[in-house]
Amino acid sequence: MNRITRTLSAALGLALAAGVAALPTTAAAAPVQGYTATNTYAGSAAEDADNQAFYEAVMKSARAKQAATPYLKVVTVTYDASSAPTFRTQISQSAQIWNSSVANVQLRSGSAADFRYYEGNDSRGSYASTNGHGGGYIFLDYAQNRQYNSTRVTAHETGHVLGLPDHYSGPCSELMSGGGPGTSCTNPYPNSAERSRVNSLWARG
């Protein structure tokens, strides 16, 4: 599988406008993180920055809603999976995996979502994306989810929402290694370091 190119360049924006890839009509930005099979690709500073922006946007939205009930110690991040019906089960499983893995943030399906899931065909595969204005979404690609374990793909992309970067050179036991370990890797669970990182991020806000 070829490396997925993910930039926020004007050239890619023009390509998308020309219909090279189908994205949700409510989002104009290019993907910032992707599920890739190339374990020699280590990501880029731009992708790390975009991933951080997505995480911060989701956290800002969740914290704003939490302010109404400040006595709650756990931050609830709300997602909308209505535009990804094919992956309803995987999205639910991904939320359960993360909810059982971390204590300081919990994922819930509902309205007034902090982020959304979409599905479709995209040559770049699955990815998390932010529009740069406080909104974000996860796109799940049909072909890639047939090639790789779909729950792992979904849990991996959801990890970006919670603040984790890609680490393609990691082992299968590391969720954020993505497609690096190959199609035989079916582990959908974050390891202890990833769980600790997410708890730390959301504890401090």
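This briefing covers the fold, two helices, the salt bridges, the disulfide and two single residues of the structure above.

The model is predicted. The protein chain holds six helices and six strands. Of its 205 residues, 52% are buried. Two salt bridges turn up in a search of the whole structure, and the disulfide count is one.

**Overall fold**

- Along the sequence, the elements of the protein chain run α-β-α-β-α-β-β-β-β-α-α-α.
- Long-range pairs carry much of the contact list: among contacts with a separation of 6 or more, 66% come from residues 24 or more positions apart.
- The exposed area of the protein chain is about 9,100 Å². Carbon and sulfur atoms supply 52% of that area.

**Helix 3 and Asn99**

- Helix 3 has 14 residues. From first C-alpha to last, helix 3 reaches 20 Å, close to the 20 Å expected at 1.5 Å a residue.
- The buried residues of helix 3 are Gln90, Ile91, Ser94, Ala95, Ile97, Trp98, Asn99 and Ser101.
- Asn99 belongs to this helix, which spans residues 88-101.
- Is Asn99 buried or exposed? Asn99 counts as buried because its relative accessibility is 19% and the cut-off for buried is under 20%.
- The Asn99 side chain comes to 2.7 Å from the backbone nitrogen of Leu107.
- Leaving aside residues up to four places away in sequence, Asn99 touches Val105, Gln106, Leu107 and Arg108.

**Helix 5**

- Helix 5 covers residues 150-161, which makes 12 residues.
- The span of helix 5 is 17 Å from its first C-alpha to its last, close to the 16 Å expected at 1.5 Å a residue.
- How many residues of helix 5 are buried? The count is 12 of 12, and the helix is mostly covered.
- The buried set of helix 5 includes charged-type names such as Arg152 and Glu157. Also among them are His156, His160, Val153 and Val161.
- At the start of helix 5, Asn149 makes a side-chain to backbone approach. A side-chain oxygen of Asn149 lies within 3.3 Å of the backbone nitrogen of Thr151.
- Just after helix 5 comes Gly163, with a positive phi of about 110°.

**Salt bridges**

- Arg116 and Asp80 form a salt bridge through their side chains, at 3.6 Å from N to O. Arg116 sits in strand 4 (residues 115-120) and Asp80 in strand 2 (residues 75-83), so the pair ties together parts that are 36 residues apart in sequence.
- Arg116 is partly exposed, because its relative accessible area is 32% and that class lies between 20% and 50%.
- Asp122 and Arg124 also meet in a salt bridge, at 2.6 Å from N to O.
- Are Asp122 and Arg124 buried or exposed? Asp122 is buried at a relative accessible area of 6%. Arg124 is buried too, at 7%.

**Disulfide**

- Cys172 and Cys185 are joined by a disulfide, with an S to S distance of 2.1 Å.
- The two cysteines are 13 residues apart, and each lies in the loop between helix 5 and helix 6 (192-204).
- What is the hand of this disulfide? The torsion about the S-S bond is about 90°, so the disulfide is right-handed.
- Cys172 counts as partly exposed, at 28% relative accessibility. Cys185 counts as buried, at 3%.

**Lys60**

- Lys60 is part of helix 2 (residues 45-66).
- Lys60 is exposed, because its relative accessible area is 66% and exposed means over 50%.
- Lys60 and Asp114 are 54 residues apart in sequence. In space their C-alpha atoms are 9.0 Å apart.

How values were computed
Residues numbered from 1 in each chain as written. Predicted model: local features only at pLDDT ≥ 70, side-chain atom pairs only at ≥ 80, totals over all residues. Heavy atoms only, no water. Helix = DSSP H or I, 4+ residues; strand = E, 2+ residues; numbered from the N terminus. Buried < 20%, exposed > 50% of the residue type's maximum accessible area, 1.4 Å probe, protein only. Expected span 1.5 Å × (residues − 1). Polar contact = N/O pair within 3.5 Å; in protein donor to acceptor, adjacent residues only side chain to side chain. Contact = heavy atoms within 4.5 Å. Areas by Shrake-Rupley, 256 points an atom, 1.4 Å probe, with all protein chains shown as cover. Salt bridge = Lys/Arg side-chain N within 4 Å of Asp/Glu carboxyl O. Disulfide = S-S within 2.5 Å.
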